[in-house]
Amino acid sequence: MKKVLSVYLKPYYGRMLFGFVIKFIGTIMDLCLPWILAYMIDTVIPQGQRDRIYLWGLAMLVCSVLALTFNIIANRMASKVARDTTETLRHDLFEKIMWLSNAKTDAFTKPSLISRLTTDTYNVHQMLGRVQRLGVRAPILVIGGILVTLTLDPVLTLVLVSVMPVTAFVTYYFSKKSIPMYHALQRAVDKFVRLLREDIAGIRVIKALSKTDYETKRYDALNQELSALEKKADVTMAVVNPATNLFLNLGLVFVVIVGAYRVNTGSSEVGKILAFLTYFTIILNAMINISKMFVIVSKAVASANRIAEVIEVPEELMPVHCERLREDDYIRFSHVTFRYKPEQDEPNLTDISFSLAKGETLGIIGATGSGKSTIAALLLRFYEVSEGAVYIEGENIRAIPADRLRKRFGVVFQNDMIFEESIAENVRMGRSLSAEEIKEAVTHAMAKEFVEEAGRGYDAPVHARGANLSGGQKQRILIARALAAHPDLLILDDSSSALDYKTDAALRHELAAHFADTTKIIIAQRVSSIMHADHIMVLEDGKMIGYGTHEALLEQCEVYREIRDSQQ
């Protein structure tokens, strides 16, 4: 919360101060109205001077217009400050999320990051707007109302003030108690978002396996948990409003009783009592607004702390000085061991070493969970190695800035993303690629047939996640994206699993003919996809149990031979 106030609101301090001044003037105008009315009833009207009655009536009209105008202007300024601050906050949060390492993304979880970008920023926006609108007006109404009533009747003011400490304590106590509850509520929202993402993304699988009822029960259970947490937090804060009303109305009862007695004894006047009751109503509404503001602030504090947890993550994967290797290898893994979680005992990769010359092709094969995709993630420096080092052209990748490192790659991940854009934009991905370069990449990826010849065209729309494309068509668009910028290094992670054997063979021919200087790492489940590679690595449980050519591995590696035989 401190970061939001000290960093993101700082550029708007001047505008906020000006808005506070305008709001202050408008609020003072509101406070003048009951005082003028009391003065007219007790002093002006008994004198029977119409001119003075009209004059003070005009004064009330002017105060009303000024109060309305100034409050509208101040509210508009407050809304603009809240909007602009939240826009900057949301932008910085999104930018930070984009640069988080995969390890940090895994730690926060994607559903949590989504809810921080949406629900949490919304809560902060509501708080900023409400505090500026009511944070000035309500306290001025309370304090100003008390000061004005002191000039009217100090005795009645003391009766009113006597109930305020109790009201303030109730508001403070329950607001402080609710903040951890709202924090727990936001964590439940994270789980809820995760379930929604999974069910919507996998809806076809759910329907195909007739698991609609099962998923509905899971959703209902989590929805009930979320509702229970929200109810608990809201019920806790719900005590504030009725308690405030109770104590202040009790004060009003005492004011009426004492006021009636004082009027009867001649110690006070009817106009003052009428004005006093009006001020009491103003103070009552202001106290209710303050209690409502505490509810919003409680939510916003929890949300702001969650946002700050992400924004304040220290810069990761920064370049560090490392000595260069003198070897001529283009890519080199040197005794690399890696754990996704530092505290776990068993590593996900154990003592992996290999080297590739420029233009060579490495095929990686192994069972699911053997660590194939992890090697690609380490090469891209999505994660830091636990032990050992990874080199490109003799330079430790830890010494290379992340953006410069990744510009050298063309990558197709195992579960890659097709965006809701045209085919051309899915290939371009914001890069300065000409139409000819896109067509060339589509041709090399064996996608020209269904892009041009099927009548779609490069500007044909693609639905979210490529819902209007087949599995093989999506993979070829993804391969075209990776090839479009003619990368130095190409990683294809199980990117031909949906291709038929003929298209797969034609793709390998295109890569050999037009990307001979590109160093390629092909991760596959099919032996036929990697059998022509210069080197083949066989992984099992994170360990390299075979390395060599196709022919050598058939002779030396039993696991590789079993994979080949099973696929024949």
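User: Is Phe-192 buried or exposed in this predicted model?
Analyst: Buried means under 20% relative accessible area, exposed over 50% and partly exposed in between, with a 1.4 Å probe and protein chains only. Phe-192 has a relative accessible area of 15%, so Phe-192 is buried.

User: And how accessible is Tyr-219, as a relative area?
Analyst: Tyr-219 falls in the partly exposed class. Its relative accessible area is 32%.

User: What kind of aromatic pair do Phe-192 and Tyr-219 form?
Analyst: Rings of Phe, Tyr and Trp (its six-membered ring) pair if their centres lie within 6.5 Å; planes under 30 degrees apart are stacked, over 60 edge-to-face, the rest tilted. Here it's 5.3 Å centre to centre, with 45° between the planes. That pair is tilted.

User: Which helices hold Phe-192 and Tyr-219?
Analyst: Helices are DSSP runs (H or I, at least four residues), numbered from the N terminus. The pair ties together parts 27 residues apart in sequence, because Phe-192 lies in H7 (residues 164-201) and Tyr-219 in H9 (residues 212-238). So the helices are H7 and H9.

User: Which residues form one aromatic cluster with Phe-333?
Analyst: By the same ring rule, the count comes to seven aromatic pairs. The cluster with Phe-333 brings in Phe-354 and Tyr-547.

User: What numbering and filters apply?
Analyst: Residues are numbered from 1 along each chain as its sequence is written, and side-chain values use heavy atoms, leaving out hydrogens and water. Local features need pLDDT of at least 70, totals for chains, interfaces and linings use all residues, and side-chain atom pairs count only at pLDDT 80 or more.

Conventions. Helices (H or I, at least four residues) and strands (E, at least two) are DSSP runs, numbered from the N terminus.
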